[in-house]
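Thanks, everyone. I have one model to go through this morning, and I will keep to the fold and a few contacts.

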Amino acid sequence: MLLNRSELIDKYNIGKDISEECELNCWLKEEADKSFNIYIFSMQLQSNNMLNKNWNRFINNISVHFQSGLSKNIERWNIYTVFFVNEKINSELKYKIEQDKFSTRKLVFDNHRQGDNIFDLSIEERNTKIEEIICSKLFDIKIAEGNRMIGENFVQTIKVISPLYGEIVDKEINRIDKLKAFYEE
């Protein structure tokens, strides 16, 4: 569940020089142990043109006025920005935004791909839908029942996905085998 913390937009001047037609929100996800927060900023706009004019300024404002003031590194590097556009997005613009590595991780959604037009909803319904989309894309991990990986297949899959994790898994398996041998003597 996300907490709507849109007051942070005004408190940190994140909406400075952003078109008034853009709806800005800030969402907060507290980690279970409450040791850090994940911040998700969202911008809802009507067109590619508005997105192109405002996205970079929005990111810069987040970086300068908000991100720079966070004291925990884990919070500084786990900020997301999600853009919702009420028309089909130009694929080059979407690629440019989502591949931009400055300040935050970015996602761009258009009405065409989402299927549900969040712009036709009341503000409360829209915020609920935006929260659902954000949670499903960032935090909900779904593994189909038929895709279970156990034993050696799991280890091989991990090695393919990430050699570093593969090394860690190998070391742990090695350590467990040594402990098992020790206790079996």
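Let me start at a turn. In the hairpin formed by β2 and β3, six residues sit between the strands, and K34 takes a positive phi near 60 degrees. Please keep in mind that this is a predicted model.

The two strands on either side of that hairpin pair in the antiparallel sense, over eight bridges. If you want a landmark in the pairing, L24 stands opposite M43 in β3. β2 covers residues 23–30, and β3 covers 37–45. How many of the eight residues of β2 are buried? Six are, and the strand is mostly covered.

On to the sheet as a whole. Five strands make up an open sheet with mixed pairing, and their order is β1-β2-β3-β4-β5. The edges are β1, residues 3–4, and β5, residues 105–110, each of which pairs on one side only. β1 is joined to β2 by two bridges, again in the antiparallel sense. There, N4 has W27 of β2 as its bridge partner. For anyone who wants the chemistry, strands of a sheet pair through backbone hydrogen bonds, in either a parallel or an antiparallel sense.

At the other edge, look at F109, which lies in strand β5. Is F109 buried or exposed? Its relative accessibility is 11%, so F109 counts as buried, the cut-off being under 20%. F109 and F84 are 25 residues apart along the chain, yet their C-alpha atoms are separated by 4.9 Å.

Now the helices. The chain has eight of them, alongside the five strands. Read from the N terminus, the elements go β-α-β-β-α-α-β-α-β-α-α-α-α.

Two helices lie across the sheet strands in ways I want to point out. Helix α6, residues 123–138, lies across β1, β2, β3, β4 and β5, and runs at about 50 degrees to β2. Helix α4, residues 91–99, lies across β4 and β5, with an angle of about 155 degrees to β5.

α4 also meets another helix. Two packed helices are described by the angle between their axes and by the distance between those axes. Here the partner is α2, residues 48–66: the two axes come within 11 Å and cross at roughly 25 degrees. That angle makes α2 roughly parallel to α4, because angles under 35 degrees count that way. The crossing of α2 past α4 is left-handed. Which residues make the contact? From α2 they are N48, L51, N52 and W55, and from α4 they are L93, K96 and I97. Sorted by class, that contact has four nonpolar residues, two polar and one charged.

Two totals to finish. Of the 185 residues in the chain, 36% are buried. Among contacts with a separation of 6 or more, 62% are between residues 24 or more positions apart. The F109 and F84 pair, at 25 residues apart, is a case to look at on the screen.

That is what I have.

Conventions. Residues are numbered from 1 along each chain as its sequence is written. This is a predicted model: local features need pLDDT of at least 70, side-chain atom pairs count only at pLDDT 80 or more; totals for chains, interfaces and linings use all residues. Side-chain values use heavy atoms; hydrogens and water are left out. Two strands pair if DSSP finds at least two bridges between them. Helices (H or I, at least four residues) and strands (E, at least two) are DSSP runs, numbered from the N terminus. Contact means heavy atoms within 4.5 Å. Axes are lines fitted to C-alpha atoms, for helices over the stretch in contact, and angles run from 0 to 180 degrees between N-to-C directions. Angles under 35 degrees count as roughly parallel, over 145 as roughly antiparallel, 65 to 115 as roughly perpendicular and the rest as oblique. A crossing is left-handed if the near helix is turned anticlockwise from the far one by less than a right angle, and right-handed if clockwise. Ala, Val, Leu, Ile, Met, Phe, Trp, Tyr, Cys and Pro count as nonpolar, Asp, Glu, Lys and Arg as charged, and the others, Gly among them, as polar. Buried means under 20% relative accessible area, exposed over 50%, partly exposed in between (1.4 Å probe, protein chains only).
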